[in-house]
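Student: I would like a close look at one part of this protein. Please take me through its inside, and then through one place where two helices pack.

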Amino acid sequence: MRKALYNILLIFIFSFTISPLLGASSTTLSTENVEGKEVVAQDHQQHGDNQQEHTEEEAHHAPPGWTVIPFVVLLLMIATGPLFYEHFWHKNYPKVAVALAAMVVLYYLFVLHNTHGPVHALAEYVQFIALLASLYIASGGIMIDIDKKSTPIANVILLLVGAVISNLVGTTGASMLLIRPFIRLNKTRIKAYHIIFFIFIVSNVGGSLTPIGDPPLFLGFLKGVPFFWTLEHNLFPWIFALILLLVTFYVFDKRNKANYGLSDEEITYTNKIKLIGLRNFFWLAVVIGSVFLDPNVLDWVPAIEYDGQKFSFLREIIMFSVAFCSFKFANKNAIAGNEFSFEPIREVAFIFIGIFGTMMPALELVGGFAASPEGSKLISHNTLYWGTGMLSGFLDNAPTYINFLTAALASQGASINNITDVIAFARGGTFFDSVLDLKAISIAAVFFGALTYIGNGPNFMVKSIAEQIGIKMPSFFGYIIRFSIPFLLPLLLLVWLVFFAFV
């Protein structure tokens, strides 16, 4: 266990050791506005001219189309490895992920001479894994024992509570805190759909109301989106989606008459809820508090400054320290009762090294087109919803959110690196249709993150925990075919029809 934790810490130390050594060259996007956007563009003409100059200077940094091949190969191996070459995959997935990421990163550095992409991918990965690792390990020391008989209503209540809690401790924190109690509650009738709907509700859709809730919303907050903007604008889609998901789950669970699963013995229930390891709630609070220590928001927070950019490190040091201390000083009964293992976070850490490293060309090519004269003509709240959404399911929703927000701002002559522009974009009245555009990006990034196992960080960890306990989970494609397409896609279509299509 300690070895796996040390591996995560070494990744963090290595990342920040090399980050100051890498240069960063800005890759900005040229734009041309259309119809209603043209009036707005006149007010930002000078800013747009500066963007165009940078674009011309950095045009040679754009990756060729074939550079997305390592990303496609990685996705295919994630999908097919557990099915067709399970032994090889489980033994070698760290080497495969790191090797494919290294291919793309080295091409960026030594062929494209583009250090901007790798530096930002590195910073985003460190932020990502620091938050996930600290929440995973801290919550692993909290055992919630629900000694009640599993019923559809009890499950619906637990999922609804998880959705609300997701906005307070993040989808990762809520998922890690509740997935084991949810499995224990249903131990005599557990099936794959229990875990899938947990991913849909707690690990994704639930965290739509605050920047703490889901990583893409947190990145938006860091860029300047007001803290309570998500609560104000995402509340009704959140309620609508949760009602549909919970009703669908209830119908499934009502039909589950089986009395088998992880345990088939006769059980006498006390109807009590017991908490073990309360001290780890303190560590969770430290992680949540440290989320706000961003040098781009608070000037007094120390940072690594390079090429005019501030890279956070204090927040990540705190989070990794919490990961270490929360395990070292955890209640051993809670650790044992949760059957805690470092393997799920180890798997996420290596798989997402590959994803963050290889998806740079895909994100850059998509974002570049979206902000080009041709692409900007296609930008609307409808295309932003489906574009952000579909890519969030396969490219990780946090960087996808930032990429499409960047394109939406650039299409109107604004910059995501200008906090005044972002605030004005969120508040509306300055940019054309901007509030609806941001709402479409925000909802799509969070909701579509449930589309695949890799759309959002908690998804993969929940799957891994379930499999370690002994639950047979669907494969990558099985998840999509059996659950995402028949249940999630119709929901996402209804959300679009109700809140975006006819606005």
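Tutor: Start with the core. In this predicted model, the largest nonpolar core holds 142 residues. Ile 195, Phe 200 and Tyr 385 have the most contacts inside it. Helix 7, residues 152-185, gives the largest share of this core, with 13 residues.

Now look at Tyr 385. Set aside its neighbours within four places in sequence. Tyr 385 then contacts Ala 440, Ile 443, Ala 444 and Phe 448. It also contacts Leu 492, Val 495, Trp 496 and Phe 500.

There is a second, separate core of six residues. Among them are Val 104, Tyr 107, Tyr 108 and Ala 121.

Next, the helix pair. Two packed helices are described by the angle between their axes and the distance between the axes. Take helix 6, residues 116-140, and helix 11, residues 280-290. Their axes come within 9 Å and cross at roughly 165°. Angles over 145 degrees count as roughly antiparallel, so helix 6 is roughly antiparallel to helix 11. The crossing of helix 6 past helix 11 is left-handed.

Which residues make the contact? From helix 6 come Leu 131, Ser 134, Leu 135, Ile 137, Ala 138 and Ser 139. From helix 11 come Asn 280, Trp 283, Leu 284, Val 287 and Ile 288. Sort the residues of this contact by type: eight are nonpolar, three are polar and none is charged.

Zoom in on Val 287, which sits in helix 11. Is Val 287 buried or exposed? Its relative accessible area is 0%, so Val 287 is buried. Across the helix pair, find Ser 134. The C-alpha atoms of Val 287 and Ser 134 are 7.0 Å apart, yet these two residues lie 153 residues apart along the chain. Again leave aside neighbours within four places in sequence. Val 287 touches Leu 131, Ser 134 and Leu 135. Val 287 touches Met 319 and Val 322 as well.

Finish with a histidine. His 233 lies in helix 10, residues 229-254. Its relative accessibility is 18%. Buried means under 20%, so His 233 counts as buried. Not counting residues up to four places away in sequence, His 233 touches Val 435 and Lys 439.

How values were computed
Residues numbered from 1 in each chain as written. Predicted model: local features only at pLDDT ≥ 70, side-chain atom pairs only at ≥ 80, totals over all residues. Heavy atoms only, no water. Axes fitted to C-alpha atoms, helices over the stretch in contact; angles between N-to-C directions. Helix = DSSP H or I, 4+ residues; strand = E, 2+ residues; numbered from the N terminus. Parallel < 35°, antiparallel > 145°, perpendicular 65-115°, else oblique. Left-handed = near helix turned anticlockwise from the far one by under 90°. Contact = heavy atoms within 4.5 Å. Nonpolar A, V, L, I, M, F, W, Y, C, P; charged D, E, K, R; others polar. Buried < 20%, exposed > 50% of the residue type's maximum accessible area, 1.4 Å probe, protein only. Core = buried A, V, L, I, M, F, W, Y, C linked by side-chain atoms within 4.5 Å.
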